[in-house]
Amino acid sequence: DWVALKCRVIQLLFSIEVPPTRSSRTELLATEQLSVKQHDLVIRYIYESEDTVFLVEALPYCVDSIRRIMREHKCRIITGREERHHRVVECILERLGLGLPVTYTGFAPKGPFCNDVHMHVDDDYRQLKTVIGHVPYPILYTHPYNAHETITPPCVRASNWNEITKLALSL
């Protein structure tokens, strides 16, 4: 759960309580809760600190849902995380017991990396739009920071992992 993790790290580093709906970079800087340097420190801490592996919590039903989907489908993680973040991503997956292969796209659009993918779940609508034409079932995982997005077909929203599992197992 990216939002919960980010809020926990802000609390840990700066003793500031940030509601999940107000945790976007834009919101934090606009309200002057954090400076650019402080926000960058939060992001560096998340992706470069060994502590992150122990701070991260999976979204409700996420791990069980992925395991269930893995019994029926080939799964992998496609992430835009930078190379310097790879170790933390892999440690988190290991801690959660998810032996999934990871494709790192850097800052490139994810679409070209998805040609063999049937369903793609993302919380970033900008990235999700890049998989249209590559993926038959693009899903926007709804969070407070992307609830304002107006999505267009073939994209659909999912608000929890049970919805994602139901869709995946229907394919």
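A polar contact is a pair of N or O atoms within 3.5 Å; within protein, one atom must be able to donate a hydrogen and the other to accept it. The views below show a predicted model.

**View 1. Surroundings of Ser 49 in the loop between α3 and α4 (52-55).** A polar atom of the Ser 49 side chain lies 3.0 Å from the backbone nitrogen of Asp 51. Residues up to four places away in sequence being left out, Ser 49 touches Arg 44 and Val 88. The relative accessible area of Ser 49 is 13%, so this residue is classed as buried, the limit being under 20%.

**View 2. Backbone of Ser 15 in the loop between α1 (2-14) and α2 (25-30).** Ser 15 is a residue other than glycine with a positive phi, near 55°. Ser 15 counts as exposed because its relative accessibility is 60%, and the class requires over 50%.

**View 3. Backbone of Glu 32 in the loop between α2 and α3 (36-48).** For Glu 32, phi is near 60°, which is again a positive value in a residue other than glycine. With a relative accessible area of 69%, Glu 32 is exposed.

**View 4. The cis peptide bond between Pro 153 and Pro 154.** The omega angle of the bond joining these two prolines is about 10°. Pro 154 belongs to the loop that runs between β4 (137-141) and β5 (156-158).

Key:
Residues are numbered from 1 along each chain as its sequence is written. This is a predicted model: local features need pLDDT of at least 70, side-chain atom pairs count only at pLDDT 80 or more; totals for chains, interfaces and linings use all residues. Side-chain values use heavy atoms; hydrogens and water are left out. Helices (H or I, at least four residues) and strands (E, at least two) are DSSP runs, numbered from the N terminus. Buried means under 20% relative accessible area, exposed over 50%, partly exposed in between (1.4 Å probe, protein chains only). Contact means heavy atoms within 4.5 Å.
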